[in-house]
Amino acid sequence: MNYFPDEVLEHVFDFITSHKDRNSVSLVCKSWYKIERYSRQRVFIGNCYSISPERLIARFPGLKSLTLKGKPHFADFNLVPHDWGGFVYPWIEALAKSRIGLEELRLKRMVVSDESLELLSKSFVNFKSLVLVSCEGFTTDGLAAIAANCRFLRELDLQENEVDDHRGHWLSCFPESCTSLISLNFACLRGEVNLGALERLVSRSPNLKSLRLNRAVPLDTLQKLLMRAPQLVDLGIGSYVHDPFSEAYNKLKIAIQRCKSIRSLSGFLEVAPHCMSAIYPICGNLTFLNLSYAPGLHGNKLMKLIQHCRKLQRLWILDCIGDKGLGVVALTCKELQELRVFPSDPFEAGNAAVTEEGLVLVSAGCTKLNSLLYFCQQMTNAALITVAKNCPNFIRFRLCILDPIKPDPVTNQPLDEGFGAIVQSCKGLKRLSLSGLLTDQVFLYIGMYAEQLEMLSIAFAADSDKGMLYVLNGCKKLRKLEIRDCPFGDSALLEDVGKYETMRSLWMSSCEVTLGGCKSVAEKMPTLNVEIIDESEQMEFNLDDKQKVDKMYLYRTLVGHRKDAPEYVWIL
Amino acid sequence: MEGSVGYDNDLNLKATELRLGLPGTEPVSIVRRNKRSLQQVADDDCGVNGCKSDDQNETAPPPPKAQIVGWPPIRSYRKNNIQTKKNESEGGGIYVKVSMDGAPYLRKIDLKVYSGYPELLQAIENMFKFTIGEYSEREGYKGSDYAPTYEDKDGDWMLVGDVPWGMFITSCKRLRIMKGSEARGLGRGV
């Protein structure tokens, strides 16, 4: 291939879009590395501390789209203290100083300040797309800056962020000249929005395909918006409360019927369940339905709605659907690929409305199922074995039994065999989360069979170091391992420290690893950052190596210790 | 703060854990499992809950457990959302029966719909087509043959209007519009 001019190779590389493939291409030879790096437009960085913005900029001068992830996954569950890190400002600052023409920024679990949003909005003329998932640290003032300054903004997508809502004039900050919006999602904002500004914005956005509203948008505004945007493909309804005999409801029915392109429906943040019939006309086309924030919708009304959704591929629902309701899903949604069942009452473990029965029903009826997140009251080995047989195509299998060490209630046995069946049957399994009573045995199975496994989450499981060793030795493609409350100690941690360089990160909290063990890893592997997170700051006073470490997070990095760690984080 | 940080969690949980088990039985250890070997469990022949399994058939409700940090694993955003929704919908509508002396059947109203006494009384007046009269602390409802009363949590019949609205709607079990001599008796105070 050396006798092809660079332009030809570049053209060929244009067809290679996946990050993995492009990374592979860059490793073939020096000339391919060079061509690839100049033509690369999209970069994904799974851990913002693994590389520095300066090195990113140096290698990929043509960068247009950057995806960054910050805090470890367990931060979602309050296991990582605030201000641990994951600040986006230094990245935006460095990119702003360079000649990079950033157009898209996608962030997950990062701390985003209003200053960084403002700097972002002013530094990149062609900035088009901002996606923030599970981030924090900003207010609606930051959003106002984005709205006001990004003249060609196409996408503003806020998913499940904690935003300080200063009660919106931010929507009014979109100038009259802004007509380029394709996607606007502000469902996670808790405050009022300027409804008039919203209507005008939607009116002048002919390309708007995705619109997700927050609770403050009432039904009659929804109706007006739908009248102006019948081309919508993705709709998130805010408030859906009204009188079924009112004029507003009739108008809504008409408006919805015009929206023949809607394929994705979510929200219903406030819902009066007796008015769902207005939605029926669009249900037949839906491929994604997210009712996981609509606890007011359950029982027969929910069943009826689902019965209209025959083309559903992804369903996110609350457990008040019950096993019976899942039976309806199994009969109706033959195209279903992804199911997520969230708890509606997470702290009252006895009240979870779904059990192994619902899952078995869905597995029998929906044979295309490949992705599962299931919070349930209980699970049995028999059920898991049946599910494994019915659905061998699982890529993601995340099971959360609300009582963390509950055995099989029928046999009183651990759930080793059930999960063993899953990993043996689902040869393409990439992500697995375990729960219930589990011994070392399940990890033996995982090490043996889960050849494609990339991410594993373990809690309250195993009997000894053997469990962790089975996994580390067996799962060759493992990238992320997160463990809490398991009896894994130093001998497991230290068995093969080289392995951690092949992984993105390892999290261990409330396990048996000691300070000495962690120090050992850090000493042997200079390319890893080994962080001890110690909020009680006991470590400062008691430097005994035999002391158990409460939270350890280690990750590979090319840029050494980070400089922005708070006082309670000790990088060994 | 004795020993390692890890064991602190164990102690704290024990201290705050609510249990319905018999005194003397081991509480379920939900944080540290390394203490318990499968061998031991198998020997006991009664699952992970140890000696409690005899009590713990499907009929017995599980003891309420102390909340474990970060469990169940759902995003804080979602958790906060559920909490908000629960707070809002707690109680739902407060429907109470309303009877009127001499009326052939009772009615039901949702107290949550009204923001205060004037609205409530207006609604009752409309419902039963009569007038209640003006309220005064001293003399109750003057200018009418009727007096609105309610049965409170203790089973006593009280005059509507004496207590703050918020207290009223949480303590009111049913309403009764008293008429005639009974009403006059109440209206004049004891």
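So, disulfides: a search over all chains of this predicted model comes back with zero of them. Take A:Cys178, which is in no disulfide; the nearest cysteine sulfur belongs to A:Cys150 and sits 9.1 Å away. A:Cys178 counts as buried because its relative accessibility is 1%, and the cut-off for buried is under 20%. Then there's A:Cys511, also without a disulfide, where the nearest cysteine sulfur is that of A:Cys486, at 5.4 Å. A disulfide needs the two sulfur atoms within 2.5 Å, so 5.4 Å doesn't qualify for A:Cys511 and A:Cys486. A:Cys511 is buried too, with 1% relative accessibility.

Okay, on to charges. How many salt bridges does a search of the whole structure find? The count over all chains is 31. The general idea, just to have it said, is that side chains of opposite charge can pair when their charged atoms come close.

Let me start with A:Glu104, since I have two partners to show you for that side chain. One is A:Arg42, with N to O at 3.0 Å. Where do these two sit along the chain? A:Glu104 is in strand 3 of chain A, residues 104-108, and A:Arg42 is in strand 1, residues 42-45, so the pair links distant parts of the chain, 62 residues apart. The other partner is A:Arg106, and here the closest N and O atoms are 3.6 Å apart.

And which of these are buried, which exposed? A:Glu104 counts as buried, at 13% relative accessibility. A:Arg42 comes out at 45%, so that one is partly exposed, and A:Arg106, at 30%, also counts as partly exposed.

Now have a look at A:Asp485 and A:Arg484. Their side chains meet in a salt bridge, 2.8 Å from N to O. A:Asp485 has 4% relative accessibility and therefore counts as buried; A:Arg484, at 5%, counts as buried as well.

There's also a network of salt bridges that has members in chain A and chain B. Which residues does it link? From chain A you've got A:Asp76, A:Arg109 and A:Glu160, and from chain B there's B:Arg75 and B:Arg78.

Let's zoom out to chain A. The domain assignment splits it into domain 1 (1-40), domain 2 (46-468) and domain 3 (489-571). Going by C-alpha atoms, the centres of domain 1 and domain 3 of chain A are 37 Å apart. At the front end, the unreviewed UniProt entry puts a feature called "domain: F-box" at residues 4-45 of chain A. That stretch, residues 4-45, is 62% helix and 10% strand, with 31 Å between its end C-alpha atoms.

Next, the cores. Nonpolar side chains tend to be buried together in soluble globular proteins. The largest nonpolar core here has 190 residues, and A:Tyr240 and A:Ile446 are the ones with the most contacts inside it. Domain 2 (46-468) and domain 3 (489-571) of chain A each put at least three residues into this core. If you click on A:Ile446, leaving aside residues up to four places away in sequence, you'll see it touching A:Val423, A:Leu432, A:Leu434, A:Leu453, A:Leu456, A:Val471 and A:Cys475. Apart from that core lies another, of 26 residues, including B:Tyr117, B:Tyr141, B:Tyr146 and B:Ile169.

Which brings me to chain B. What does it have in the way of secondary structure? Six helices and seven strands, and if you read along the sequence the pattern goes α-α-α-β-β-α-β-β-β-β-α-β-α. Chain B has 190 residues, of which 42% count as buried. Of the contacts in chain B with a separation of 6 or more, 45% come from residues 24 or more positions apart.

One last residue to click on: B:Ser99, in strand 1 of chain B, residues 95-100. Buried or exposed? B:Ser99 has a relative accessible area of 13%, so buried. Not counting residues up to four places away in sequence, B:Ser99 touches B:Leu106, B:Leu175, B:Arg176 and B:Ile177.

Okay, that's my tour.

Notes: Residues numbered from 1 in each chain as written. Chains lettered and ligands numbered in written order. Predicted model: local features only at pLDDT ≥ 70, side-chain atom pairs only at ≥ 80, totals over all residues. Heavy atoms only, no water. UniProt positions renumbered as here; feature names shortened; annotations may be inferred. Helix = DSSP H or I, 4+ residues; strand = E, 2+ residues; numbered from the N terminus. Core = buried A, V, L, I, M, F, W, Y, C linked by side-chain atoms within 4.5 Å. Buried < 20%, exposed > 50% of the residue type's maximum accessible area, 1.4 Å probe, protein only. Domains from an automatic or database assignment. Contact = heavy atoms within 4.5 Å. Salt bridge = Lys/Arg side-chain N within 4 Å of Asp/Glu carboxyl O.
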